[in-house]
Amino acid sequence: MEETDVILLWGSNARETHPIFFHHVLKAVRRGAKLYVIDPRRTASAAWADGWLGLEVGSDIALANGVARVILDEHLENRSFIERATSGLDAYRDHVLTHYPLDRVTRDTHVSGDLIRRMARDYATADRAMICWTLGITEHHDAVDNVLGLINLALLTGHVGRRASGLNPLRGQNNVQGGGDMGALPHKLPGFQDVENDEIRARYDALWGATVPPKKGWHLTEMFEAMDHRQLRALYVIGENPAQSEADATRTMRLLRGLEHLVVQDIVMTKTAEMADVVLPASASWCESEGTVTNSERRVQRVRGVLSPPGDARDDIDILVAIGKRLGRDLGITSAREAWDEMRSLSPLHGGMTYERLEAHGGLQWPCPTEDHPGASFLHGRLWADPVVGPRAPFHVVEQSGPVDKLDSDYPLRLTTGRRLESFNTGVQSGGFQSPLHRGESLDLHPDDAASLRVADGETVRIVSRRGSVVAPARFDTSLRPGTVFMTFHFPDHVETNLLTIDAWDPKSGTAEFKASAVRVEKIDARSP
């Protein structure tokens with residue numbers, strides 16, 4: 001990161017959500033790197049930026065295609081890289097040149113053409129450049145297409161597969177990367193191996209002495225769809241609080257209450273746990289468990305327990321092994337190390353990562369297939385081989401569609417959601433401590449919007465969407481564009497923001513569109529009793 005010349009921070013307020021990462025961004029900026037922040041809000045991260053592109057919520061594809069249009073018009077693409085390592089350029093180029101003239105892009109995004117041109121030129125001509133993003137890109141109904149739009153830019157310029165130059169999806173929680181690596185996905189086995197691949201699945205069948213289902217399962221959003229159709233009637237929840245974290249909370253609670261059996265395994269009594277038929281108290285993995293953790297740069301590190309779980313709490317592995325025995329299946333695991341060694345015997349990405357090597361090196365980055373492999377500091381270097389090793393990287397044609405929840409005269413404001421520095425998700429953990437930064441939930445809005453609504457700073461107002469309503473104090477915020485309002489999920493016991501959000505979701509990823517709901521704001525005293 002500190003060697004990078006241009007950084008595009010897209011849909012991420014990393015200054016507050018990823019402060020350690022942002023420290024490295026600032027080191028690069030102080031060295032002379034250019035930083036562009038692409039976000040509907042002028043966030044704390046934008047204070048250090050060479051340019052803030054305050055785009056309309058949900059217009060990321062239009063902006064990405066607009067940047068590509070400038071690069072193609074000015075012949076700034078990396079032609080040798082494209083010819084050797086990519087496929088599908090002709091269709092992508094024709095789509096961008098035909099449908100995304102810069103005047104359309106500025107109209108759709110509300111970002112000036114001059115600023116788009118400047119960012120496009122700096123990104124394309126940099127020796128090393130990086131695009132980083134978070135949930136501002138992925139919590140939309142077209143989340144995967146948003147990401148593909150950014151990947152297109154990296155392929156167009158050759159900013160991929162080299163040190164300090166690439167694409168970086170910043171994870172929103174500790175060990176999210178590790179969860180995916182270990183197969184906590186409905187279509188993947190550990191090491192991102194396809195569950196529908198007969199040859200791969202046979203290796204697991206042989207080791208486990210059981211048959212792995214040959215078809216992919218449901219992701220989280222599909223589970224709720226299945227609950228709605230009575231296809232899913234029992235749920236086992238580990239370390240998640242869907243009662244307060246899912247979009248359209250009214251529907252979510254109805255579906256959870258309709259389950260025949262609900263089991264929750266967690267370290268605290270969440271709102272979801274309060275609804276459960278069985279609660280299994282678990283250990284805090286960061287200080288009471290043995291195992292590994294994987295960060296956003298794919299670095300696997302050891303975790304060591306320094307405390308014993310309190311009371312009846314038990315380690316997650318102990319709980320799962322005990323349940324397996326109650327169900328008539330001995331998992332054959334007595335420790336985290338045994339589970340890890342079994343996993344790496346089946347996952348080529350992790351084959352060389354023994355506990356001894358992880359400890360000796362302070363962690364290793366996958367892929368690390370053998371015990372003499374040093375690990376990989378970056379991915380996709382194969383694209384620079386001549387001829388390229390393996391399949392070419394494809395361009396994808398992506399089309400701007402805008403949010404599902406449309407604005408109209410009844411719901412004229414765009415609500416977007418996010419996090420604050422000192423708080424985390426539904427506040428189950430961060431809400432339990434005192435902080436001078438805690439100020440409770442608010443509706444943040446631009447003073448111009450407040451003036452048109454005749455709302456005073458601090459006045460309690462009602463926020464209404466097509467799904468429900470909540471009451472919260474108004475807070476003036478000049479970092480917002482007029483027409484856009486902001487709330488968090490951190491204080492659901494006081495203001496349940498997810499009563500407002502829409503459960504429209506991306507069919508490719510299953511992610512709900514938390515970032516774009518249509519709302520109106522009402523003065524409390526203006527409503528009839």
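**Strands, cores and surface of the predicted model**

Strand E1 (residues 6-10) and strand E5 (residues 129-133) pair in the parallel sense over five bridges; strands, like helices, are DSSP runs numbered from the N terminus (E, at least two residues, for strands; H or I, at least four, for helices), and two strands pair if DSSP finds at least two bridges between them. This is a predicted model, in which local features need pLDDT of at least 70 and side-chain atom pairs count only at pLDDT 80 or more, while totals for chains, interfaces and linings use all residues. Residues are numbered from 1 along each chain as its sequence is written, and side-chain values use heavy atoms, with hydrogens and water left out.

E1 also has a parallel partner in strand E2 (residues 34-38), again over five bridges. Within these pairings, Leu8 has Ile131 of E5 as its bridge partner, and Leu9 stands opposite Val37 in E2. How many of the five residues of E1 are buried? The strand is mostly covered, with five of its five residues buried, where buried means under 20% relative accessible area, exposed over 50%, and partly exposed in between (1.4 Å probe, protein chains only). Val6, Leu8 and Trp10 point one way from the strand, whereas Ile7 and Leu9 point the other way.

Two of these residues reappear in the largest nonpolar core, which has 50 residues: Leu8 and Trp10, together with Ile38, Leu153 and Leu156, touch the most other members. A nonpolar core is a set of buried Ala, Val, Leu, Ile, Met, Phe, Trp, Tyr and Cys residues joined through side-chain atoms within 4.5 Å. Helix H3 (residues 60-73) supplies the largest share of this core, nine residues. Apart from this core lies another, of 19 residues, including Leu443, Val470, Ala472 and Leu499. With neighbours within four places in sequence set aside, the contacts of Leu8 (heavy atoms within 4.5 Å) are Tyr36, Ile38, Met119, Tyr123, Met130, Ile131 and Cys132.

Leu499 is also found beside a loop residue. Gly468 lies in the loop between strand E18 (460-465) and strand E19 (469-476), and beyond its neighbours within four places in sequence it is in contact with Ile463, Leu499 and Leu500. Gly468 counts as partly exposed because its relative accessibility is 21%. Its C-alpha atom is separated by 9.0 Å from that of Ala249, although the two residues are 219 residues apart along the chain.

Ala249 belongs to helix H14 (249-257), which helps to cover helix H12 (residues 220-228). In H12, Thr221, Phe224, Ala226 and Met227 are buried, and the buried residues of this helix pack against E9, helix H13 (242-245) and H14. Just after H12, Arg230 takes a positive phi of about 60 degrees.

Strand E9 (residues 234-238) holds Tyr236, which counts as partly exposed because its relative accessibility is 34%.

Finally, an open sheet of three strands has the order E12-E13-E14, with antiparallel pairing. Strand E12 (291-294) and strand E14 (364-365) stand at the edges, each with a single partner strand, so one side of each is left without a neighbour in the sheet. E12 is joined to strand E13 (residues 299-303) by four bridges, and Val293 stands opposite Gln301 in E13.
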